[in-house]
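Subject: Structure for your review

Dear colleague,

Please find below the structure I agreed to pass on to you. My notes on it follow directly after.

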Amino acid sequence: MNEKQKTISASRCVMTEIVLPNDTNGFGNMMGGRLMYLMDKCAAISAQRHANRVCVTASVDTVEFRTPIREGEILTIEGCVTRVFRSSMEVQLVVTAENALENTRRVCNKAFFTFVAIDDCGRSTPAPQIYPETPAEQVLYNSAAKRREARLYLSGRLRLEDSTYLLSDLLSAIASFGVEDAPS
Ligand SMILES: CC(C)(COP(=O)(O)OP(=O)(O)OC[C@H]1O[C@@H](n2cnc3c(N)ncnc32)[C@H](O)[C@@H]1OP(=O)(O)O)[C@@H](O)C(=O)NCCC(=O)NCCS
């Protein structure tokens, strides 16, 4: 690690909220939009803690709502920057719901948000590089490059022929087709 790098743990943000009636729909389940608002806030804190700059949301990957979060449950959202490219940062969010009465906890969803550090004129500006310290952080760091290509491809910012991973992954998937798997 050099003096220009920062650790992933230094970017960590943990937010805790209780789900109140105002956060829920008619069935007593937390509204998806309310959860995404809190996730965006947590990710912004994490990105700004890392970059020491104003950071804006550039994109949100698939957000899947796996299990309902009920009124009265305690929500914990944990965010950290997993990798920095130039100005853009991938932030991972893990949402846990806790039922304090039953003393149970479950992971409700995970998502990646991309934030961009901006300068005083609103232009993108470099953010410090990040240093993964643990094997789990290293795995996330390595796989972030593929996820970045996928999101830039989907947003029309990257052509398949200019990608490093997408094209080779596609070709190796095709090469690994068995006879019975091959499309007719
Ligand atoms: C995000 C924003 C600053 C990017 O501006 P831009 O002119 O495209 O800037 P650049 O071309 O310099 O790109 C900046 C970075 O954003 C990344 N980026 C841009 N669009 C992206 C997307 N859809 N997904 C992931 N990364 C993206 C680029 O890859 C680049 O990354 P890098 O610097 O690490 O290589 C600009 O689009 C913006 O201000 N958007 C509005 C942000 C906002 O208001 N968010 C909250 C609203 S809900």
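The bend of a helix at a residue is taken here as the angle between two axes, one fitted to the seven residues ending at that residue and the other to the seven starting there. In this predicted model, α2 bends by about 30° at A144. The 20 residues of α2 should span 28 Å at 1.5 Å a residue, and the 29 Å between its end C-alpha atoms agrees with this. Just after α2, G156 adopts a positive phi of about 80°.

Overall architecture

The protein contains three helices and seven strands, arranged along the sequence as β-β-α-β-β-β-β-β-α-α. Along the principal axes, its C-alpha atoms fill a box of roughly 50 × 50 × 35 Å. The protein has 184 residues, of which 25% count as buried. Among contacts with a separation of 6 or more, 69% are made by residues 24 or more positions apart.

The nonpolar core

The largest nonpolar core comprises 30 residues, and those with the most contacts inside it are A43, A47, V81, M89, V91, L93 and F115. At least two residues of this core come from each of α1 (32-51), β4 (74-84), β5 (88-99) and β6 (104-118). V81 may serve as an example: leaving aside residues up to four places away in sequence, V81 touches I8, S11, S46, A47, H50, M89, E90, V91 and I130.

The ligand site

The ligand is surrounded by 16 residues, the closest being S59, F85, R86, S87 and S88. β3 (54-60), β6 and α2 (135-154) each supply at least two residues of this shell. The element that gives the most to the shell is β3, with four residues. By character, the shell divides into six nonpolar, seven polar and three charged residues.

The loop between α2 and α3

T164 is located in the loop that joins α2 to α3 (166-175). Is T164 buried or exposed? A residue counts as exposed if 12 or fewer other C-beta atoms lie within 10 Å of its own. T164 has 11 other C-beta atoms within 10 Å and is therefore exposed. T164 and A100 are 64 residues apart in sequence, and their C-alpha atoms are 47 Å apart in space.

With kind regards

Conventions. Residues numbered from 1 in each chain as written. Predicted model: local features only at pLDDT ≥ 70, side-chain atom pairs only at ≥ 80, totals over all residues. Buried ≥ 20, exposed ≤ 12 C-beta atoms within 10 Å, placed from the backbone. Contact = placed C-beta atoms within 7 Å. Core = buried A, V, L, I, M, F, W, Y, C linked by C-beta atoms within 7 Å. Near = placed C-beta within 6 Å. Nonpolar A, V, L, I, M, F, W, Y, C, P; charged D, E, K, R; others polar. Expected span 1.5 Å × (residues − 1).
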